Amino acid sequence: MKRLFNNFTSNPKNDIVSGITVSLAMIPEVVAFAFVAQISPIVALFGAFVIGIISALFGGRPGLISGAAGAVAVIFVQMIQEGHAKGLLFDQPVENMGYFYLLAAVVLMGVIQVFAGLFKLGKFVRLIPHPVMMGFVNGLAIVIFLAQLGMFKENKKDYAGDNMRKTASKELVYTVSDNEVKDKVSNTVLFTIEGNSVINKATNKEVFVLSDGQVYDTNTQKVVFNASQDGFYSVKDKGVVKTWMQGKSLYTMIGLVLLTMLIVWGLPKITPKIPAALTAILIVSLISIFGGLDSVNVGEFIRDGGGAGLNGMAEISSKLNVFELWSSLPFNLDTLKFIAPYAFLAASVGLIETLMTMNLVDEMTDSRGNGNRECVAQGAGNIVSGVFGGTGGCGMIGQTVININAGGRGRLSGVMMAITLLTFILFADKFIEQVPIAALVGVMFMMVIETFAWSSFRILKKIPVSDAFVLIIVSAVTVFFDLAIAVFVGVIIAALSFAWSSAKKIRARKRFKADGTKVYEIWGPLFFGSIQSFNSKFDINGDPEHIEIDFIEAKVADHSALEAIYILLEKYEAAGKTITLKHLSTECKDLMRKASPKFDKVIEESVDDPRYHVLSGILDTEA
């Protein structure tokens, strides 16, 4: 308790100032990330407030800033789109169903993170090599950049003036020939086609409308079939159809994006005391509003179906009735199967980015955080955020660095960031709707430029080929798959590369004693990767009757090594020869005697035996 109190009172002035500064930098970034995930900015800001204050109060790294981060947002994009489509297929269709699936996924994500902390998995972030971290950062920057290109598209309208839905054909429902629509089985004519109208033959009334290869129900104005020359097919909704901007709207978008980037780049060179991103958004917004420019703003984007979820603090307040908020979500196994893969990936990516950020703060402040405690706090924050209608998040590298550089060291800095963010949500949510999309895209483009590790191009020829390969692979997998898989792939490749290089280091020097005993002096680690090379050193048939294997410069590391030595003993015994194992450490001897009593007969005790630890203690320290 005393330590917690000291974290709030040791540096209050700097923590308060840095917390407010970070909140100003947090707002544009969180709002921009909301558009990456295609959710309402208020949902993202509310989630950033909840996650930020819980992790600040209970996390394992004072000074670390958490919020609705892009690393997590990009994972949920496809799930939200598919969720919208699933909602339209219900018996009672639900608009923006992807948002409710998002809430469930965020809660499950938090549960996974809490269990990761309780089972002390935070320590394993130490196994992530630096090339994997660089590839992770580069891949994240590329993914965010590609997501912003989607903002240069606009929704295509259908015949009724609504957003056109992209639909994929499934099975054939009706056949079509000579403008007659027939039942596939009985070949009975059910409808006739007159121009773009599909007429019910029995009632002689228009029931469907044909437009751009799709069949719309005249009552609901929803796509019910895809039309082709041979018939009508059932459909699967694939989201809104988008087309690239053209003409004046495109040029206006590009101009405002470039202006935003110029301000973000140039303002810090004039004065670093003014938050560049927020200033750029304000200036570009004022130019767009008072200049009467034809530029899509946040409010129009939301109303046009670009963002799902709660659109204002008043609506959030009305939805604090949890049962009402979650009433649209079907609680069944299908929902769990749908959200589980996304929740697991988001939890993994969130923890990886958070723990990587925590390690960075440890280096900057020359102190030590508690990784497992941070995992639990991040999970709890996501659970609470999801339950009450907010999005998921994790530790944010950029905001954390801003906080540390501004003097924020204690928990008060994170608390102040969250409180300032809440104040903005309560009293200024309407102003967000006036912000041009172009301003947010410009901020994100500048963040991509700052996030990408440009030094990786310079060092590719200076680092080992295996590390360069890992860096490139992680970046590529991040772009084409996702961040969590990329990190796992990178760690596996790096581990295999290390195992291969270590396996080649096994050596054996051979000499004879005066009594004719042949001695094999082994150097290097004896483990699964070096077994083949180890076995090739021995000449069982050509060796004399007495053999010694000296492990003074070797370590018996795993079960494969034990098995290799055991088989070697049996082969020498079968050849009628004796073998002695010398200079094994206490840990190695215990390991071998536990594996088989036969080792006890061939191990020679000596005062010269080395004393080192083989495996114990490597992963027992707190992350």
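**View 1. Strands 8 and 9 are joined side by side in a predicted model.** Strand 8 (residues 214-217) and strand 9 (residues 223-227) run antiparallel and are joined by three bridges, where strands are DSSP runs of E with at least two residues, numbered from the N terminus. One of the pairings sets Val-215 opposite its bridge partner Phe-225 in strand 9. This is a predicted model, in which local features need pLDDT of at least 70 and side-chain atom pairs count only at pLDDT 80 or more, while totals for chains, interfaces and linings use all residues. Residues are numbered from 1 along each chain as its sequence is written, and side-chain values use heavy atoms, with hydrogens and water left out.

**View 2. Eight strands close into a barrel.** The order is 3-4-5-6-7-8-9-10 with antiparallel pairing, and two strands count as paired if DSSP finds at least two bridges between them. Neighbouring strands of this sheet are turned by 35 degrees against each other on average, direction ignored, with axes fitted as lines to C-alpha atoms and angles running from 0 to 180 degrees between N-to-C directions.

**View 3. Four strands form an open sheet.** Here the order is 13-14-15-16 and the pairing is mixed. Strand 13 (507-512) and strand 16 (578-582) are the edge strands, each pairing on one side only, and neighbouring strands are turned by 20 degrees against each other on average, direction ignored.

**View 4. Strands 15 and 16 run parallel.** Five bridges join strand 15 (residues 546-556) to strand 16, and His-546 has Thr-578 of strand 16 as its bridge partner.
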